[in-house]
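The following exercises are to be worked with the sequence and the coordinates at hand. Each task is followed by a solution in steps.

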Amino acid sequence: MRIFTPFILLPALAGLVVVAFFDRRRGDGQLWRAVMIGLIGGLAAAVAYDVFRLPFVFAREWNIAAILPPMKLFKVFARFGAMILGQPIEQSNYSLAANVLGWGYHFSNGATFGVMYMAMIGDGARRHWAWAVLMALALELGMLLTPYPQVFGIPVTARFIAVTVAAHGIFGVALGQVVRSLSRVMRET
């Protein structure tokens, strides 16, 4: 990720923004609207995803551990940041930079998943939001079948699968609903 982030992710994102901005200024604006709707929808979906997971992460602190199992669902974000910085994945304490970069990378994933969703469906106003749920669950299945859980020390238990599938379902619902609403509004403007 130390090479991928600065040399592939950031230039690709900048290139997409430049092309979309050019389409807004000189083209018909269709690409611009799709990219903006996807970015906003993906960010909103990532926030919904994390809000759903908050009670599991803070179950002990909020005294709800008898109702919901405490789970370290946010632990990978600092590890993402450490990888971007070229640091070891496992550390006793992660720097502020590793945390900020990791969370930023997490939200950039949500935003880019939103853009990918728009690229797949075309007009968000004409597609049912359930397609976003299907995409989110496919992404989750893909993650579970890769070395990702082992690399980050995530025990793949039935409880973990249930919570993460539910979280990705919520990501999909939020993405689909936001994209559909924004597509209708931005079509009229």
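**Exercise 1. The largest pocket**

Determine how the lining of the largest pocket divides by residue class, and which helices contribute to it.

Solution. The model is a predicted one.
Step 1. By class, the lining comprises 21 nonpolar, seven polar and five charged residues.
Step 2. The lining numbers 33 residues in total, and those nearest the centre of the pocket are Tyr 49, Arg 53, Val 76, Met 143 and Tyr 148.
Step 3. At least two lining residues come from each of H2, H3, H4, helix H5 (130-144) and helix H7 (158-188).
Step 4. The volume of this pocket is about 820 Å³.

**Exercise 2. The second largest pocket**

Identify the helix that gives the most to the lining of the second largest pocket.

Solution.
Step 1. The lining consists of Gln 30, Leu 31, Arg 33, Ala 34, Ile 37, Met 118, Gly 122, Asp 123, Gly 124, Ser 183, Met 186 and Arg 187.
Step 2. Both H2 and H7 supply at least two of the lining residues.
Step 3. With five residues, H2 gives the most.
Step 4. Sorted by class, the lining holds five nonpolar, four polar and three charged residues.
Step 5. The pocket contains about 280 Å³ of space.

**Exercise 3. Helix H1: span and burial**

Compare the expected span of helix H1 with the distance between its end C-alpha atoms, then state which of its residues are buried and what covers them.

Solution.
Step 1. Helix H1 covers residues 4-26, which is 23 residues; at 1.5 Å a residue it should span 33 Å.
Step 2. The end C-alpha atoms of H1 are 31 Å apart, which agrees with the expected span.
Step 3. The buried residues of H1 are Thr 5, Leu 9, Ala 20 and Asp 23.
Step 4. The cover over these buried residues includes helix H2 (30-57), helix H3 (75-85) and helix H4 (96-121).

**Exercise 4. Helix H4 and Ser 108**

Repeat the span test for H4, then establish whether Ser 108 is buried or exposed and what its side chain reaches.

Solution.
Step 1. For the 26 residues of H4, a rise of 1.5 Å a residue gives an expected span of 38 Å; the end C-alpha atoms are 38 Å apart, in agreement.
Step 2. The buried residues of H4 include Ala 98, Gly 102, Tyr 105, His 106, Ser 108 and Gly 110.
Step 3. Ser 108, a residue of helix H4, has 18% relative accessibility and therefore counts as buried, since the cut-off for burial is under 20%.
Step 4. The side chain of Ser 108 reaches the backbone oxygen of Tyr 105 at 2.7 Å.
Step 5. Just after H4, Gly 122 adopts a positive phi of about 80°.

**Exercise 5. His 168 and Gly 81**

Characterise the surroundings of two buried residues, His 168 and Gly 81.

Solution.
Step 1. His 168 belongs to helix H7 and counts as buried, because its relative accessibility is 13%.
Step 2. Neighbours within four places in sequence aside, His 168 is in contact with Tyr 49, Ala 136, Leu 137 and Glu 140.
Step 3. With Glu 140 there is a polar contact between the two side chains, at 3.1 Å.
Step 4. Gly 81 is located in helix H3; its relative accessibility is 0%, so Gly 81 counts as buried.
Step 5. Gly 81 and Asn 99 are 18 residues apart in sequence, and their C-alpha atoms are 5.8 Å apart in space.
Step 6. Again leaving aside neighbours within four places in sequence, Gly 81 is in contact with Ala 98, Leu 101 and Gly 102.

**Exercise 6. The loop between H2 and H3**

Classify Asn 63 and Phe 58 by accessibility, and explain why the phi of Asn 63 merits attention.

Solution.
Step 1. Asn 63 lies in the loop between H2 and H3 and is exposed, because its relative accessible area is 70%.
Step 2. The phi of Asn 63 is positive, about 55°, although this residue is not a glycine. Most residues other than glycine have a negative phi.
Step 3. Phe 58 is also in the loop between H2 and H3; at 30% relative accessibility, Phe 58 counts as partly exposed.
Step 4. Phe 58 and Ile 8 are 50 residues apart in sequence, with a C-alpha to C-alpha distance of 35 Å.

Conventions. Residues numbered from 1 in each chain as written. Heavy atoms only, no water. Helix = DSSP H or I, 4+ residues; strand = E, 2+ residues; numbered from the N terminus. Expected span 1.5 Å × (residues − 1). Buried < 20%, exposed > 50% of the residue type's maximum accessible area, 1.4 Å probe, protein only. Contact = heavy atoms within 4.5 Å. 1 Å grid on protein atoms, 1.4 Å probe; cavity = no way out; pocket = protein on both sides within 12 Å on 5 of 7 lines; lining within 4 Å. Points joined across faces, edges and corners; volume = space filled by probe spheres on them. Nonpolar A, V, L, I, M, F, W, Y, C, P; charged D, E, K, R; others polar. Polar contact = N/O pair within 3.5 Å; in protein donor to acceptor, adjacent residues only side chain to side chain.
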